[in-house]
Amino acid sequence: MRTLAAIAVTLLQLAVAAAIAVAAAAAAAPFALPGCQSKCGELDIPYPFGTTAGCYRPGFKVTCDDPKPGAGVAQRLKLGNNGDGPAVLEISVENSTVRVRSSTWFFAVGNTSMARLAVVPDGGPHPPYVLNPKRNRLVHIGCGFRVSLWRVAPGAERAFNTCYASCREDDLRKIRSSRCEGHGCCDVPIPAGGGLTSFSARFRWPGNNNTGCPKTSSPWIASGVTVAVVERRWWRDETNVFNLKMSMLAFGRASGAVAPAILDWVFDNNWTCTEVESTSDYGCVSKHSKCVDSTGSALGYVCKCSSGYQGNPYVRDGCQKPRRRLHLSAGIIFAMGVGIGMFLLLLAIVTIFATKSFKDRKARKMREYFFKQNRGLLLRQLVDKDIAERMIFSLEELEKATNKFDKTRILGGGGHGTVYKGILSNQHVVAIKMSKLVIQREIDGFINEVAILSQINHRNVVKLFGCCLETEVPLLVYEFIPNGTLYAHLHVDGPTSLPWKDRLRIAFEVATSLAYLHSSASMSIVHRDIKSSNILLDDRLTAKVSDFGASRGITIDESGVTTAVQGTYGYLDPEYYYTRRLTEKSDIYSYGVMLVELLTRKKPTTDMSQYDVSLVAHFIQLLSKDRLSEILDVQVIEEGEEEAKQVAAIAALCVQMKGNDRPTMRHVEMRLQGIQSPNNNFQSDPGVQGLLQIGRTTFEGSNNIVVHDNNSRRYSMEREILLSATLPR
């Protein structure tokens, strides 16, 4: 193996020596005119290009920047007489092209003028440079615009291309993709023929509004659109597309991204080889060179070395034959084959590692991008900025904790996300919540949950350990609650479920946590989605309120806030649904529905009575007629019927149609605490009897209305909510 490796190394040394010999032969040929600068930094300056008088052909002057010593800036070559043209990346005599750093132009929203965009320097009456139509694309990056491009012609202009780009909220994933397909970006070809050196652009904004800004919640939307000419081959690389899109959408400029463009150049515009061969200004001066009429994007002629020669046809003796190749024996050829085989194997291994390294680097950049974005959103909501540092987990740590989010670690989930069981490096067991959707509402919900839970410390509220900000939608890390949800414990097959004493205690614990949220936190917090599936139970069946993604804080001086409706149908407060006015009493209604669910073991979202009304409405009817036992769970009747009647009276008050008629959660908490007391006397308690009497008088007259009067809105309103389309969350 070592011998083969030595042979491979020897053959590679021979190949390198041959390459050096060929390069030396090419270098021996004249490249620039005698006494003229032939390099600018690492770039070659071949004639007809030059930096000083007598060293370049008219129209081909370039400028080499000479930075101050110690400035740490490399020399740069630029087109144009005064260095006002684009920076040169490469000059090809063989292809008659110049690869330059593309110019970019930014148009603010409302700008509809047809500005002339010069893409090549002005070389006098006959500019030698034009855009290569086959090797370039015109790229437009921005949101909500339609651009039409116009050719600049003497005395007239005519459109040659148009495209449209949007930034709709439901297309945010496509905007972030490494493609340019009308989502925040569009591109069009450059028209062939005629030699395009400049063009004009006209923009139309949404709704034909010339001064309006595109309406979108995209966090990167620029205040206009950026136009750039880019090399087609460079633009095919999705990494380049992603970097240019993100930088321009975020900042309205290229933000350091170097996008190249390809310019063609010719001699003597509109002259043919036949017309110039006899003139003194004929450019093909080397022996073994030939003149070629340009048939591409510019009219004129260029020079090429004859077949079998290489070099610069624009200088004397610039075209030379390459050195003759080495004649190899059969043994060397065999050894070369072995060496090449080993070299290819090594190349394959290097390619695999390079590809992996590239993917890892790209993933790292994406993680850094999302971290900066999500951290900024979080800091804007957090009161204590130090929390943003103490609670942050890395994506690598959570992947290790969940075995890269293995399916066997899934605890549960729904339409919005999946919860995984994780084991941290300190052996702490946690639950990790990952969103399935990549929309701005989900991102806002996760950030809101971090901001809310970071301010809460209550034994009956699930504890948030932290979050990971390195994914598009943040990951949340909670304490692990092993015993599932209250919903799962209630709705099981069979006649028995949770014991009544446990149900009563859980109701009290949930009331305690809501009372804390409404009145004991730094600001009043409305949960907005109280339901049995959001109540987790630990190994002692202690209640833990969870899922604060829809929660909303209300300051002390506010009685409520007007906001979009969020919640779960069946539990949703009808008054909040119709008025969009969110108050603490909205949580109390949802809590009352959950009490009915505890008492009856029926599902508010699906169980309807024989009278075709909601579970809550049917419950109230039977309570007002003193027929509560017809709907109570049999197990509840057997284990605590008298206490259940007291809880039913509290539930009736909680689901009053008007929020002002409902009790506070502190009042509910105290009443439930009294029911659990050993001294509780249901029959003699005037408070409870008052509750039952209120229930009877409030709902007694509504029975016929609910069942028979279709014009009534008292409980048919709630029925409409139940039968309406599913609301968010």
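The following numbered points comment on a predicted model of a single chain.

1. Overall composition. The chain contains 729 residues, of which 48% are buried. Its secondary structure comprises 19 helices and 31 strands. Among contacts with a separation of 6 or more, 66% join residues that are 24 or more positions apart.

2. Packing of α11 against α13. Two packed helices are described by the angle between their axes and the distance between the axes. Helix α11, residues 500–519, meets helix α13, residues 584–600, at an angle of about 175 degrees, and the axes are 11 Å apart. The pair is therefore roughly antiparallel, since angles over 145 degrees are counted in that class. On the α11 side, the contact is formed by W500, R503, A507, F508, V510, A511, L514 and H518. The α13 side contributes E584, D587, I588, Y591, M594, L595, L598 and L599. By character, the residues of this contact comprise twelve nonpolar, one polar and three charged.

3. Geometry and burial of α11. The 20 residues of α11 should span 28 Å at 1.5 Å a residue, and the end C-alpha atoms are 28 Å apart, so the two values agree. The helix is also mostly covered, with 17 of its 20 residues buried.

4. The lysine in β28. Is K544 buried or exposed? The relative accessible area of K544 is 12%, so this lysine is buried, the cut-off for that class being under 20%. K544 belongs to strand β28, which covers residues 543–545. The side chain of K544 reaches the backbone oxygen of R459 at 2.8 Å. With neighbours within four places in sequence left aside, the contacts of K544 are R459, N460, V461, V462, E479, I481, N534, I535, L536 and D538. R459 thus appears both as the partner at 2.8 Å and in the list of contacts.

5. The loop between α8 and β21. This loop runs between helix α8, residues 395–401, and strand β21, residues 410–413, and holds T402. T402 is buried, with a relative accessible area of 0%. Setting aside neighbours within four places in sequence, T402 is in contact with R409, Y420, K421, G422 and I432. The C-alpha atom of T402 is separated by 9.8 Å from that of V430, which is 28 residues away along the chain. N403 is placed in the loop between α8 and β21 as well, but N403 is partly exposed, with a relative accessible area of 48%.

6. Backbone conformations that merit a check. Most residues other than glycine have a negative phi, and most peptide bonds are trans. Phi of N403 is nevertheless positive, near 55 degrees. H288, which is not a glycine, has a positive phi of about 60 degrees. H288 is found in the loop between α5, residues 273–276, and β17, residues 289–293. With a relative accessible area of 41%, H288 is partly exposed.

7. A cis peptide bond. Which peptide bond is cis, with omega near 20 degrees? The bond in question runs from Y47 to P48. P48 lies in the loop that connects β2, residues 43–44, with β3, residues 62–64.

Notes: Residues numbered from 1 in each chain as written. Predicted model: local features only at pLDDT ≥ 70, side-chain atom pairs only at ≥ 80, totals over all residues. Heavy atoms only, no water. Axes fitted to C-alpha atoms, helices over the stretch in contact; angles between N-to-C directions. Helix = DSSP H or I, 4+ residues; strand = E, 2+ residues; numbered from the N terminus. Parallel < 35°, antiparallel > 145°, perpendicular 65-115°, else oblique. Contact = heavy atoms within 4.5 Å. Nonpolar A, V, L, I, M, F, W, Y, C, P; charged D, E, K, R; others polar. Expected span 1.5 Å × (residues − 1). Buried < 20%, exposed > 50% of the residue type's maximum accessible area, 1.4 Å probe, protein only. Polar contact = N/O pair within 3.5 Å; in protein donor to acceptor, adjacent residues only side chain to side chain.
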